[in-house]
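Reader: I am in my first year, and I would like to understand how the labels given to parts of a structure follow from their definitions. Could you take me through some of them?

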Amino acid sequence: MNTIILVILIIFLLLFIISITKLTIFISYYHNGDDDELMVRVRMWKVLSYTFKAPLIKIDKDSPSLIVEEEQEIGGIEDEKKVKITFERIMRELERVKDFLQHVVGFHKIVRRFLKRVSVKDIRWTTNIGVSDAALTGFLSGMAWSVKGGLVGLIANYTRMRNMPKLTITPHFQQTLSQTDFKCIISFRIGHSIIAGLLVLRHWKRRPASLKPSEEKA
């Protein structure tokens, strides 16, 4: 009997430790002309980490698709593979997202409640842009400021922004240039994500009575 109680206490202790554990995600995206690199590193307890990289994005000459070379690293073990992204695959994934959203009632509220527990800090977003035309370069620079301001505003509205982001846009009026470097750090406790997942399961396929089919009345 004492052994069973001890096992139950250990399980609850492990669940408690996991729930209060903070997950830190480092996101980095770099674009320079035809070169693109996306890197996402997830770290827990400053020891365990998972790294995902997509360093190569190019157009497939044989078909209208993009080829992404993925690199994954878990505990020092690396794995590389190439993934072909087609228009059909994108539409298929969008359809899956649409079906998922239709099956969860109040999904926006659940996500917003979770995001309020998410911390975002150290946003650094630098952009160099130029199209060899002064007027058009100025216009594109203004558009870029609008996009950056809008996205940062959304992040600040939905999450906890710990410090002011560092945004820069440098127009180049005498040359054609497209370069972007984005970095940020996201952190949240695993317990909050578990609660959000349980709420999604709870509201899965639950619909208001007014939206249910009239078969029940027959």
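Author: Let us begin with arginine 112, which has a relative accessible area of 32% and is therefore called partly exposed, since buried means under 20% relative accessible area, exposed over 50%, and partly exposed in between, with a 1.4 Å probe and protein chains only. Please keep in mind that this is a predicted model, in which local features need pLDDT of at least 70 and side-chain atom pairs count only at pLDDT 80 or more, while totals for chains, interfaces and linings use all residues. Residues are numbered from 1 along each chain as its sequence is written, and side-chain values use heavy atoms, with hydrogens and water left out.

Reader: Why is tryptophan 125 counted as buried?

Author: Its relative accessibility is 15%, so tryptophan 125 falls on the buried side of the cut-off, which is under 20%. Phenylalanine 182, at 18%, counts as buried by that rule too.

Reader: What makes the pair of tryptophan 125 and phenylalanine 182 edge-to-face?

Author: Rings of Phe, Tyr and Trp (its six-membered ring) pair if their centres lie within 6.5 Å, and planes under 30 degrees apart count as stacked, over 60 as edge-to-face and the rest as tilted. Here the centres are 5.3 Å apart and the planes stand at 80°, so the pair is edge-to-face. The pair links distant parts of the chain, with tryptophan 125 in strand E6 and phenylalanine 182 in strand E9, 57 residues apart; strands (E, at least two residues) and helices (H or I, at least four) are DSSP runs, numbered from the N terminus.

Reader: How do you know that glutamate 93 forms a salt bridge with arginine 96?

Author: A salt bridge is a side-chain nitrogen of Lys or Arg within 4 Å of a carboxyl oxygen of Asp or Glu, and in this case the closest N and O atoms are 3.3 Å apart, so the definition is met. Both residues lie in helix H2 (residues 87-103), three residues apart, about one turn of the helix.

Reader: What makes glutamate 93 partly exposed, and why does arginine 96 count as exposed?

Author: Glutamate 93 has a relative accessible area of 37%, so it is partly exposed, whereas arginine 96, at 52%, counts as exposed.

Reader: Why is the contact of aspartate 181 with lysine 183 called a salt bridge?

Author: The closest N and O atoms are 3.0 Å apart, so this contact also satisfies the definition. Aspartate 181 is partly exposed at 23%, and lysine 183 is partly exposed at 37%.
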